[in-house]
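Let's take a walk through a protein model together. Keep the picture open beside you and look for each part as it is named.

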Amino acid sequence: MSVTATRAVGSALGRIEGPAKVTGAAKYAGEQDDIQDVAYVWPVQSTIAKGRIRHIDDAPIRDRPQVLAVLTPDNAPHLQPLADAELAVLQTRNVAYRGQIVAAVVAQTLETAREAAEQLQIEYDEEAHDVELTQDHQSLYKPEHVNPSFPTDTEQGEVDHALATAAFSVDHTYETPALHNNPMEPHATLAIWHGDELTLYDSNQGAYSVQQTLAQLFDLDPAAVHVMSQHVGGGFGSKGTARVNAVLAAMSARLVRRPVKLALHRHHQFAVVGYRTPTIQRIKLGADADGRLTAISHDVVEQTSTLMEFAEQTAIATRIMYAAPNRRTTHRLARLDMPTPRWMRAPGECPGMYALESAMDELAIECDLDPLELRIRNEPARDPESGKPWSSRSLVECLRDGADRFGWAGRDPRPAVRYDGSWLVGTGVAASTYPAYAGPATAAARAERDGTFVVRITASDIGTGARTALTQIAADALRVGTDVVRVDIGDSAFGQANIAGGSMGTASWGWAVTKACTELREEVGRHGEIPVDGIEVHADTSAEIEARTGYKFQGFGAQFAEARVNVDTGEVRVPRLLGVFGVGRVINSRTARSQLIGGMTMGLSMALHEEGVLDPAFGDYVNHDLAEYHVASCADVTDIAAHWVDEQDDHVNPMGSKGIGEIGIVGTAAAVANAVHHATGVRVRDLPIRLDKLLGRLPTRTG
Ligand code: MOS
């Protein structure tokens, strides 16, 4: 594999679909206004956390004008059971969590559907529920593996002995709350049946995956299911596979024999599309007199549901971050009467690195070392887990470059000594990491007689700029300008392709696009003249992906934060965030910066605001909207910058690029927490860093 100099790749090309988006011409799943005779479905959610539906009385609503159907477990179309049991919508009277869909009303208007749904009478046989995650929960068990297929536990050397004999050590427990994906575009589907053929306009991160899943659920040939998702307003993992919106819309449309639209309300999102599991993580680190790690131990407790297993891979980053001869990681799950957790931006790495990078800061203080220097001293020459060489690893460069840009040199390590009026000021650093995955994909490339080129691939642009990046990659492989290339995406008819997830979208699709376009260029070269019906080639990268071994492919970064804490009120502000990343070749500097800054903003949000607040009595998170579930807004983000080091990686893929969708959120919360400690001397080990966790612990001002 060789990375050659190119023209379009690396530029700051504006989003191809930008004008269509800002003028409203770009149609999202819920905006297909040329489809006639559309009906609407409104889901009804369980008001108990555990039990069984005794009776559903639809008499008050079923004969109303405009009500087309009331779906219940008694009349809902039968679905084939899948491993993703959350998709078995209305297949049983059992209730597994509060907020589960237990009925739905289909009506001619959205307003009627919603109003009727609110009047449906449901009686339950309620049972006692169990919703609180604790470190010693009686249901804790060891899953067979953690997502997607990592070993649950790892152990090397004599961890306990090394900890007992270490010159310096730390042993702390860190907690992260449930976090909820809130893409601006809620999950939405318009479902249309023609006989036994199903068409979906659906908001998702991968139309091919949704096509396959819906075909299985409804026992159809995949060719009979057509999924389109040209424009998607965010997902963060919650649209990574088909969700209940697609299933319920398709069921409803089948029952009423009309197109049916379902756009989940923001309130629904908090229960039915997944969320990041809360975690309880115990980290123990041991170091020798020079600050070289002798032992790393990371024990994770997290939750899953009673419906199915979801095992977040929280400690996997700990397995590869630092060199140490003695290392151990474990994951244990509690089965709770809660919705099933799911993917949320950097599942695993994000909560795990909050704990590890907080503990590294605590160890640096124990060792009396600069936290940057502690990390540099423990830089592993190879992947500590597999022993493989890194295809590239630039953590040290990122730390040094970030330190220069941020102004780290000469930092006074003492906590709680810098005042600006009534504000305590501090700075913190943490490392970031995310794997550079790639998956097999198919792509088609076509030369038209008029000198233009069309590329088709089932890619998904969820707001990342993927369509634009692929256009750049295609143009360079074809050796033409981006103005004569059109990349069509978001259509399951274009064949198998990876989802926009695991930060592997552009790597996977770009690989297939490179292959198809390179072959097309050669084919066109052989022809001399393009025939009237054009020239088309198809490419599949399965073989290339299989051959991709021998190295550990991983991106790294360093995040720096400045925190200010008001000594009277406990308010926390983060006036500065700066990240430097080693992510291979950057395909599009504008959209890449936007991804990295977006991830960092979400990390800031995690550090200070986001939290699913559990009400144990009702058995549910009580904050179900953006008024009560706070996400960072413009006023929270003042000076935020993302940079990258010049990292050449000839092994990772033909573009030399690593994923950038998720790494920006990894480590950010630790950098903020470390800065808050430096400002105040208070170590908050459970996110978010709310003012009530600081008040009463802040130093008394003397000045
Ligand atoms: Mo991302 S959580 O892998 O879509």
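This report visits strands and sheets first, then the helices beside one of them, and then the aromatic rings. Please bear in mind that the model is predicted.

**A small sheet to begin with**

Strands in a sheet are held together by backbone hydrogen bonds, and their pairing is either parallel or antiparallel. A good place to see this is an open sheet of 3 strands, in the order 4-2-6, with antiparallel pairing. Strand 4 (94–95) and strand 6 (121–126) are the edge strands, each pairing on one side only. Now look at strand 2 (residues 51–57), which is joined to strand 6 by 6 bridges in the antiparallel sense. One of the residues to find here is His55, whose bridge partner in strand 6 is Glu123.

**An enclosed strand**

Next, find strand 15 (279–287). Why is strand 15 described as largely enclosed by the rest of the structure? The reason is that 8 of its 9 residues are buried, so the rest of the structure largely encloses strand 15.

Strand 15 pairs with strand 10 (residues 168–176) and also with strand 16 (residues 293–305). Strand 15 and strand 16 make a hairpin, with 5 residues between them. In the turn, Gly291 has a positive phi of about 80 degrees.

The table collects antiparallel strand pairs from the model, so to speak a small address book for your viewer.

| Strand pair | Sense | Bridges | Residues standing opposite |
|---|---|---|---|
| Strand 10 and strand 15 | antiparallel | 9 bridges | Val170 and Leu285 |
| Strand 15 and strand 16 | antiparallel | 9 bridges | Ile283 and His298 |
| Strand 20 and strand 23 | antiparallel | 6 bridges | Ala447 and Ile535 |

**A mixed sheet with helices on it**

The last row of the table leads to another sheet. In which order do its 4 strands lie? They form an open sheet in the order 22-21-20-23, and the pairing is mixed. At the edges are strand 22 (485–488) and strand 23 (535–540), each with a pairing on one side only. From one strand to the next, the twist averages 15 degrees.

Helices lie against this sheet too. Helix 12 (residues 466–478) lies across strand 21 (453–456) and strand 22, and runs at about 135 degrees to strand 22. Helix 13 (residues 505–527) also packs on the sheet, where it touches strand 20, strand 21 and strand 23. The direction of helix 13 makes about 145 degrees with that of strand 23.

**Aromatic rings**

To describe a pair of aromatic rings, one gives the distance of the centres and the angle of the planes. How many such pairs does a search of the whole structure find? The search finds 9 aromatic pairs. One of them is formed by Tyr275 and Tyr621, an edge-to-face pair with 5.8 Å centre to centre and 65 degrees between the planes. This pair links distant parts of the chain, 346 residues apart: Tyr275 is in the loop between helix 7 (266–272) and strand 15, and Tyr621 is in strand 27 (residues 620–621). Are these tyrosines buried or exposed? Both Tyr275 and Tyr621 are buried.

Elsewhere, Phe406, Trp408 and Phe560 form one aromatic cluster. Over the ring of Phe406 sits the charged end of Arg576, 3.8 Å from the ring centre. You can also look for Arg393, which lies over the face of Trp390 at 4.7 Å from the ring centre.

How values were computed:
Residues are numbered from 1 along each chain as its sequence is written. This is a predicted model: local features need pLDDT of at least 70, side-chain atom pairs count only at pLDDT 80 or more; totals for chains, interfaces and linings use all residues. Side-chain values use heavy atoms; hydrogens and water are left out. Two strands pair if DSSP finds at least two bridges between them. Helices (H or I, at least four residues) and strands (E, at least two) are DSSP runs, numbered from the N terminus. Axes are lines fitted to C-alpha atoms, for helices over the stretch in contact, and angles run from 0 to 180 degrees between N-to-C directions. Contact means heavy atoms within 4.5 Å. Rings of Phe, Tyr and Trp (its six-membered ring) pair if their centres lie within 6.5 Å; planes under 30 degrees apart count as stacked, over 60 as edge-to-face and the rest as tilted. Buried means under 20% relative accessible area, exposed over 50%, partly exposed in between (1.4 Å probe, protein chains only). A charge sits over a ring if NZ of Lys or CZ of Arg is within 6 Å of the ring centre and within 35 degrees of the ring normal.
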